[in-house]
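This report describes the fold of one chain, from its overall dimensions to two of its helices and a strand pair. Definitions are given where a term is first used.

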Amino acid sequence: MVDSTGSRVADVLVRGEVIVSVEPSTRTGTRAGTGTGPSGAPAGAMVLDAGGCVVAPGLVDLHAHLREPGAEEAETIESGSRAAALGGYTAVVAMPNTEPCTDSAAVVRHVLHLAKGACCDVHPAGAITVGRQGRALAPMAEMVALGVRIFTDDGAGVQDAALMRRALEYASDLGAIIADHCEEASLAGLGCMNEGDLSSLLGLPGRPAVSEEVMVLRDLALARLTGARLHLLHLSTAGAVAAVRLAKAAGTNVTAEATPHHLALTEDALATYDTVFKVNPPLRSAADVAALRQGLCDGTIDAVATDHAPHPPEAKQVAFCDAAPGMIGLETSLAVVLGALVGADGPGLGDGEPGMTIERVLALMSWQPARIAGLSGAHGGPLVPGAPANLCVIDPARSWTVVPAALASHSRNTPFAGLALRGKVRHTVLAGEPVVIAEEAQR
Ligand SMILES: [Zn+2]
């Protein structure tokens, strides 16, 4: 068992929705089949075999596009939450760029209604501005009253600095967080990949690193001015990591995330013009990837979030510049991050970072994002009697190959198709109920 308090060998007993006991394991190294429990398990208890596995608090994703309402051909809350559970997540924050946009209590209520019975807890984020148009603040208070904690116009940055300042002040008064998609639009322009030698060579318009850095620097200054809590989504550049490092050292109230794809892939993947690798912010240089990994190792970046962005084939099977940006990631994230940070067999993922362990990866993917999202009461907490039973069981040695058609997501746009990965979620338990058993979804 691994949680924020450390690691130990133990058996976990769950009754109803909570953990009722955590006892030193009497059967270390042995395997018990379902229904034939270790000694000490109550008669009739279902036994989930965790032999050779890590039992941890369920993962928490700060950044998933579940596409419902409005783009159900790409994903639904049902299919997206099933993908999340298979990836070890017990909670995801659903981005508000739905149709209609999640910018009012009515739409928040609708998403919460759709999420009943989902395979993980779904927490809708609200839009910062009405319709994510960047013109007028959305009615945040009525959404906060329904439990919304994170506000974002993700998909685009808030271009108007004065509006962003007001959003930070307003959110701060409501105890909410502004989650910032950092791209300055006039600099990003119509670019569809990282700006550099490779974009010149490929003849594709570039999206420069400075478009991210300018907005990161602007909003760090606004966070300092207002004292508001700022969360920076999907950092992709070395310059942004350096800026956040300095801001944290100066006491700015900021957290940041990076995605698995920005840790594992570089712009070189675009040499084939395969639109599956098109994403915003774009895949960057090897130096940027190294800076992101360093930022995760030294605490500059607080969380790994998927930016799971499903798209139907017709949105990707078009000319590169016309293709929709984004890639799916809920089912591959843990293995990709283990490969990138801890080191694994996967081709192209490297040898990992010195000092990185599965324990530290779980901090980045479970309890730290749970704290940022304000979910620590239910997710990511220490595994102790009385705690909600939101758990995942990870087999770190399990090798598997990413087969897009076998994924639970409605969409197939994974950049890791055919890649051999190591590390897979064996079971996921949501509020005491096993929603994934032996790598199979139960709902
Ligand atoms: Zn974004």
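The text below covers the whole chain, then its core, then selected elements.

This is a predicted model, in which local features need pLDDT of at least 70 and side-chain atom pairs count only at pLDDT 80 or more, while totals for chains, interfaces and linings use all residues. Residues are numbered from 1 along each chain as its sequence is written.

**Whole chain**

The chain has 13 helices and 19 strands (DSSP runs numbered from the N terminus, H or I of at least four residues for helices and E of at least two for strands). Its radius of gyration, 21 Å, is close to the 22 Å that the globule rule gives for 443 residues, so the chain is as compact as a globular protein of that length; the radius is taken over C-alpha atoms, and the rule is 2.2 Å times the number of residues to the power 0.38. The C-alpha trace spans about 65 × 45 × 45 Å along its principal axes. Among contacts (C-beta atoms, placed from the backbone, within 7 Å) between residues at least 6 apart in sequence, 72% join residues at least 24 apart.

**Burial and core**

Of the 443 residues, 55% count as buried, meaning that 20 or more other C-beta atoms lie within 10 Å of the residue's own, with C-beta atoms placed from the backbone. The largest nonpolar core (buried Ala, Val, Leu, Ile, Met, Phe, Trp, Tyr and Cys residues joined through C-beta atoms within 7 Å) has 131 residues, and Cys120, Phe151, Ile178 and Val337 have the most contacts inside it.

Two helices compare as follows.

| Helix | Residues | Buried |
|---|---|---|
| α12 | 333–343 | 10 of 11 residues |
| α13 | 358–372 | 11 of 15 residues |

Val337 is among the buried residues of α12. Not counting residues up to four places away in sequence, Val337 touches Pro260, Leu263, Val304, Val361 and Met365. Val361 and Met365 are also buried, in α13.

**Helix α13**

The end C-alpha atoms of α13 are 20 Å apart, which agrees with the 21 Å expected at 1.5 Å a residue (1.5 Å times one less than the number of residues). α13 bends by about 40 degrees at Leu364, the bend being the angle between axes fitted to the seven residues ending there and the seven starting there. Leu364 is itself buried. Gly374, which follows α13, has a positive phi near 70 degrees.

**Strands β7 and β8**

β7 (residues 89–94) and β8 pair in the parallel sense over 4 bridges; pairing requires at least two DSSP bridges. Val93 has His123 of β8 as its bridge partner. Both faces of β8 (residues 121–124) are covered, with Asp121 and His123 buried on one side and Val122 and Pro124 on the other.

Methods:
Buried ≥ 20, exposed ≤ 12 C-beta atoms within 10 Å, placed from the backbone. Contact = placed C-beta atoms within 7 Å.
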